[in-house]
Structure formats: structure tokens, C-alpha cells
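Please open the model in your viewer and keep the sequence panel beside it. The stops below say what to select next and what is to be found there.

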Amino acid sequence: MTKKVAVIVTDLVEEIELTDPVKAYEDAGHTVEIISDEAGKMIKGKNGEEIKADKGIDEVNANDYDALLVPGGFSPDLLRINPKNGAFAKAFMEEEKPVFAICHGPQFLVETDLLEGKELTSFVSVRKDLENAGAIVKDEEVVVDSNLVTSRTPDDLPAFNREALKLLK
């Protein structure tokens, strides 16, 4: 069954952490929409690539999606500025829909106030933030806790994509 995946992202995203999972989801027959500050925004990646947003945060509803991807880079920290982004992610967590976050991505999920007791991993520099939010942080290539899939770095993308695709079945 085809699933609809939302990707929440803004400038300074680590491009491969967006493009590689999106390709994996689309290759498996799923639909993906890039969500940012506004529809049509050209998101400038950390390495200079540009990615066009399909929709703006003001025009989306979590009920219209089956899963959420949060790529890393500096995008997750910048997403925290707008409370609508956190509310969007929180809806996925509350409904126990699949949420995939890699590298700095889990840092954004602190905004949901729903990490208490969750097992996850992330890039090393945001682990203290996650611990302070009550998460149980591990140093593994991929950690799956119910609906939440997390990984540390682009090196972990094969495992990250594999586990995300399992939850999209």
C-alpha cells in the first residue's frame, strides 16, 4: 500500500539525508512531499544544492500524511524557530505514526515534548539535548523505538532506510 511521507526541512539541510531516504521511499512506491516555510521555497542545502519545497507549513495537516522524515544538517535547529513546525511533528508522535530522524534531526523532535523514555540515537553534538529531554540515547547505526527510527550520520543511511521502509509497509 502506498504511503504518503512528509519531509519537514529548511535551509542548511544535509542534502544526502534528504535525497537518499526520499529516493528509497519513492523507489518503494511511496509518495513524498517536501514541506518548508512556504510552498515553492528553494531550500539551500548545507553543501550548496537547492531543493524545492512542495508545500508550506501553513497549508499542511499531519492527518494527510502517514509518516514524517526529519533530515539533519542545521535545518532541524532552524525548524525549531517556528512553533508550527514542532506542532506538526508532535501530531505524528501523538498518533504514533512513523517518524524518521537522522543526524541532527532528533534535535528537532525535542520540540514535541514527547521524547521522555524514548530510545534513540543522533549525531554526537545533540545527544545532551536529547538526554535533557528525557530520551535514552544510544550510539548505534539505527535505533527503532516503536514508531520512531533514528540514526547518527549519513554513513548510517542504509540501515536507516531499511528500518524506515519496514514501518512504511
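Which residues of helix H6 (residues 157–167) are buried? Select Leu157, Ala159, Phe160, Asn161, Glu163 and Ala164, for these are the buried residues of H6, where buried means under 20% relative accessible area, exposed over 50%, and partly exposed in between, with a 1.4 Å probe and protein chains only. Helices (H or I, at least four residues) and strands (E, at least two) are DSSP runs, numbered from the N terminus. This is a predicted model, in which local features need pLDDT of at least 70 and side-chain atom pairs count only at pLDDT 80 or more, while totals for chains, interfaces and linings use all residues. Residues are numbered from 1 along each chain as its sequence is written, and side-chain values use heavy atoms, with hydrogens and water left out.

With H6 still selected, add what covers its buried residues, which includes H1, strand E6 (67–70), strand E7 (99–102), strand E10 (142–145) and strand E11 (148–151).

Go next to E6 and display its side chains: Ala67 and Leu69 point one way and Leu68 and Val70 the other way, and all are buried. E6 pairs with E1 in the parallel sense over three bridges, a pair of strands being called when DSSP finds at least two bridges between them, and the bridge partner of Val5 in E6 is Ala67. E6 also pairs with E7 in the parallel sense over three bridges, and here Leu68 stands opposite Val99 in E7.

From E1, move to strand E2 (residues 31–36), with which E1 pairs in the parallel sense over five bridges; Ile8 stands opposite Ile35 in E2. E2 is mostly covered, since five of its six residues are buried.

Now select Glu141, in the loop between strand E9 (136–137) and E10. Is Glu141 buried or partly exposed? Glu141 counts as partly exposed because its relative accessibility is 39%. Its contacts (heavy atoms within 4.5 Å), leaving aside neighbours within four places in sequence, are with Thr150, Ser151, Arg152, Asp156 and Ala159. A link back to H6 can be drawn from here, as the C-alpha atoms of Glu141 and Phe160, 19 residues apart along the chain, are separated by 7.6 Å.

Select Ser122 next, in the loop between strand E8 (119–120) and helix H5 (127–132). Ser122 counts as buried because its relative accessible area is 0%, and, with neighbours within four places in sequence left aside, it is in contact with Cys103, Pro106, Arg127, Leu130, Ser151 and Arg152.

Two backbone angles deserve a stop of their own. Glu96, in the loop between helix H3 (83–94) and E7, has a positive phi of about 55° although it is not a glycine, and Glu96 counts as exposed because its relative accessibility is 56%. Ser146, in the loop between E10 and E11, likewise has a positive phi, near 60°, in a residue other than glycine.

For the last selection, take Leu12, which lies in the loop between strand E1 (4–8) and helix H1 (16–27) and is partly exposed, with a relative accessible area of 37%.

To close, colour residues 3–166, which UniProt lists for "domain: DJ-1/PfpI" in an unreviewed entry; such annotations may be inferred rather than shown by experiment. Over residues 3–166 the chain is 30% helix and 24% strand, and the end C-alpha atoms are 12 Å apart.
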